[in-house]
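Hi,

Here is the structure I promised to pass on. Have a look at it first, and then read on for what turned up.

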Amino acid sequence: MGFEAAAAGRGGGVRALMRRKQVDSERARAAGGHQLRKELSITQLVAIGVGSTIGAGVYVLVGTVAREHAGPALTLPFLIAGVAAALSAFCYAELASRCPSAGSAYHYSYICVGEGVAWLIGWALILEYTIGGSAVARGISPNLALFFGGPDSLPWILARHEIPWLDVVVDPCAAFLVFVVTALLCVGIKESSFVQGVVTVLNCLVMLFVIIAGSYIGFQTGWVGYKVAGGFFPYGVNGMLAGSATVFFAYIGFDSVASTAEEVKNPQRDLPLGIGTALSICCSLYMLVSVVIVGLVPYFAMDPDTPISSAFAKHGMHWAMYLVTTGAVLALCSTLMGSILPQPRILMAMARDGLLPSFFCDVNKKTQVPVKSTIVTGICAAALAFFMDVSQLAGMVSVGTLLAFTIVAVSILILRYVPPDEVPLPSSLQASFRLSQENDEEKVSGPLGDENHEQGASEISDVIVVESIKDPLIEKQLYASKLNETKRRKTAACSIASVCIGVLVLTSSASATFLPFLVQCFICVFGGLLLLTGLGVLCWIDQDDGRHSFGHSGGFICPFVPLLPVMCILINTYLLINLGGGTWMRVGVWLVMGVFVYIFYGRTHSSLTDVVYVPVAQANEIYGSSSSGFVA
């Protein structure tokens with residue numbers, strides 16, 4: 001690709017959506033001015049992951065899922081959902097260790113998929129964390145009120161008030177807590193992670209009390225919950241699987257660990273261990289709590305709102321209600337911190353790439369955190385928490401998370417089979433690129449009869465022509481090898497597309513109950529064939545050799561590729577399809593707004609607007625011969 005053609009082809013139009021940036025290198029980190037302080041170790045990452053994942057929902061979910069879906073088999077839905085979440089965790093672990101920069105799924109999709117998809121993922125994550133933080137904050141004040149005597153017993157300054165002429169119920173306590181968390185995050189990542197770690201440990205101690213005290217009562221009373229007439233599966237296997245889909249969202253939060261990748265001391269080692277350990281702890285606690293509670297009280301007699309407190313109350317331990325409520329408040333506070341922490345780093349990553357104003361990528365020189373982005377995030381979340389009842393918007397939180405999980409799994413397939421073989425070269429080094437091209441042309445062609453040309457031609461013939469005369473098969477083999485690699489990449493790309501289309505068709509048709517049965521079956525079979533064909537081809541062909549040198553080596557490698565990421569795509573897409581039409585309409589409005597922002601600002605201000613894409617080897621030569629370094 002020539003210099004002008006490359007600049008024009010990548011600069012505008014539809015191809016702008018396919019622009020991909022390079023993995024941040026050590027050279028870019030040394031030259032960059034917006035770097036975050038490396039303070040986090042495995043212990044702090046585990047605290048962030050567990051604190052962001054275990055919310056107050058577990059104190060309610062056990063009752064709802066047991067009564068409506070699983071019965072005494074409540075532990076199995078938590079196990080199945082934990083395994084499903086682990087599929088995404090494996091994908092996150094590899095990408096986080098290979099590409100340890102702020103931005104999480106937005107960053108990975110920008111490197112592997114393209115600018116258009118990365119923008120939509122980043123825009124969806126902004127919505128997720130804003131609404132998620134606001135919803136969590138609104139849930140704290142009702143739990144706090146129990147310590148003051150009842151639902152409406154909070155002090156006047158913190159209690160909810162209705163504004164009659166606006167028909168709005170404001171929540172000062174929620175807004176105040178958001179501002180407190182925002183201020184803490186502005187102090188520094190080390191200080192905020194320490195506080196979150198303390199809160200998380202206290203919450204885990206409450207859950208351990210539930211497990212130990214509940215087990216003691218269970219052995220004393222004979223585990224009456226497991227002796228019901230309906231058996232272990234009163235709702236059948238289908239009910240258990242439906243319960244798994246419900247409790248899957250209790251595992252959302254471990255991706256917050258990946259958003260802090262740039263602040264980890266040893267990301268290649270600590271990030272995979274932090275993600276895996278946090279998810280394992282959450283799954284173990286969920287399963288142990290569910291085993292105990294469903295055994296204390298028959299599933300049909302559980303209180304759907306306060307299952308744990310009511311279970312202890314039925315055995316005479318009324319005081320346990322206050323301990324369980326304390327755990328719920330601690331869980332909500334920790335989850336609030338985990339919801340607000342990632343968003344400033346995503347805003348910063350998008351601003352670094354030019355897709356948002358540079359205001360958001362400013363890093364405070366003293367605390368080395370994105371203070372401005374954190375303050376903006378806090379103000380928006382506090383305003384929503386103060387004025388709006390965001391419970392109806394809670395489903396929108398799941399869209400951003402599931403989209404991120406899906407695109408991370410797709411990125412793993414791209415990384416393994418068709419990793420980027422070209423890197424962007426900035427305008428500051430395009431003169432070196434042009435000079436390199438001119439030198440190459442002078443070596444190949446020149447004025448006839450010129451001595452320099454004869455000498456250059458002689459040198460070239462020593463390398464190519466003479467070798468070809470000695471063994472004419474060499475040049476043919478080299479050409480055939482390159483042709484085979486090009487064919488393999490095209491086949492892999494088509495197979496990945498076949499998998500994605502097949503998953504979308506299969507999950508959509510399986511959920512389209514309004515279709516006639518035969519039509520639904522036909523579409524499901526068609527989608528399944530596309531999925532299996534793409535998966536079979538990916539299993540048959542070789543993975544790209546470039547995957548070994550992609551990004552930062554020496555980190556975690558996702559196992560069972562391509563099967564594991566394909567399963568991850570299938571599960572997350574199915575959950576996305578079944579979120580409901582109302583949720584998708586609200587999310588669609590937000591995404592359309594994002595498209596306009598990208599068209600009128602991000603596309604033209606992108607840091608990849610004026611770059612040229614060159615092969616990796618050639619880029620390394622240009623960087624090596626230049627005194628300045630840059631990574632788009």
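First, a term you'll need: a salt bridge is a side-chain nitrogen of Lys or Arg within 4 Å of a carboxyl oxygen of Asp or Glu. Arg 269 and Asp 270 fit that, with their closest N and O atoms 2.6 Å apart. Keep in mind that this is a predicted model. The two partners sit in different surroundings: Arg 269 is partly exposed, at a relative accessible area of 48%, while Asp 270 is buried at 1%.

In general, side chains of opposite charge can pair when their charged atoms come close. Across the whole structure, the search gives 13 salt bridges. Here are some to look up:

- Glu 115 and Arg 19 meet at 2.6 Å, N to O. This pair ties together distant parts of the chain, 96 residues apart: Glu 115 belongs to helix α7 (residues 115-145), and Arg 19 to the loop between α1 (3-11) and α2 (26-31). Glu 115 has 0% relative accessibility, so it counts as buried, and Arg 19 is buried at 0% too.
- Arg 416 pairs with Glu 94, and their closest N and O atoms are 3.0 Å apart. Here the partners are 322 residues apart, with Arg 416 in helix α17 (residues 394-417) and Glu 94 in helix α5 (residues 75-98). Both Arg 416 and Glu 94 are buried.
- Glu 485, Arg 488, Arg 489 and Asp 544 are joined in a network of salt bridges.

Next, the cysteines. How many disulfides are there? The count is 0. For Cys 99, the nearest cysteine sulfur belongs to Cys 112 and is 6.0 Å away; a disulfide would need the two sulfur atoms within 2.5 Å, so Cys 99 is in none. Cys 99 is also buried, with a relative accessible area of 1%. Cys 173 is in no disulfide either, its nearest cysteine sulfur being that of Cys 333, 8.7 Å away. Cys 173 is buried as well, at 3%.

Cys 112 also turns up among the buried residues of helix α6, along with Tyr 106 and His 107. Why is α6 (residues 105-112) largely enclosed by the rest of the structure? Because 8 of its 8 residues are buried. Just after α6, Gly 114 has a positive phi of about 160°.

Finally, take a look at the surface. Phe 194, in helix α9 (residues 189-221), is exposed at 58%. Phe 194 helps make a nonpolar surface patch of about 720 Å², whose other members include Val 195, Leu 202 and Ile 212.

Cheers

Key: Residues numbered from 1 in each chain as written. Predicted model: local features only at pLDDT ≥ 70, side-chain atom pairs only at ≥ 80, totals over all residues. Heavy atoms only, no water. Buried < 20%, exposed > 50% of the residue type's maximum accessible area, 1.4 Å probe, protein only. Helix = DSSP H or I, 4+ residues; strand = E, 2+ residues; numbered from the N terminus. Patch = residues over 30% accessible without salt bridge, like charges linked within 9 Å, V, L, I, M, F, W, Y side chains within 5 Å. Areas by Shrake-Rupley, 256 points an atom, 1.4 Å probe, with all protein chains shown as cover.
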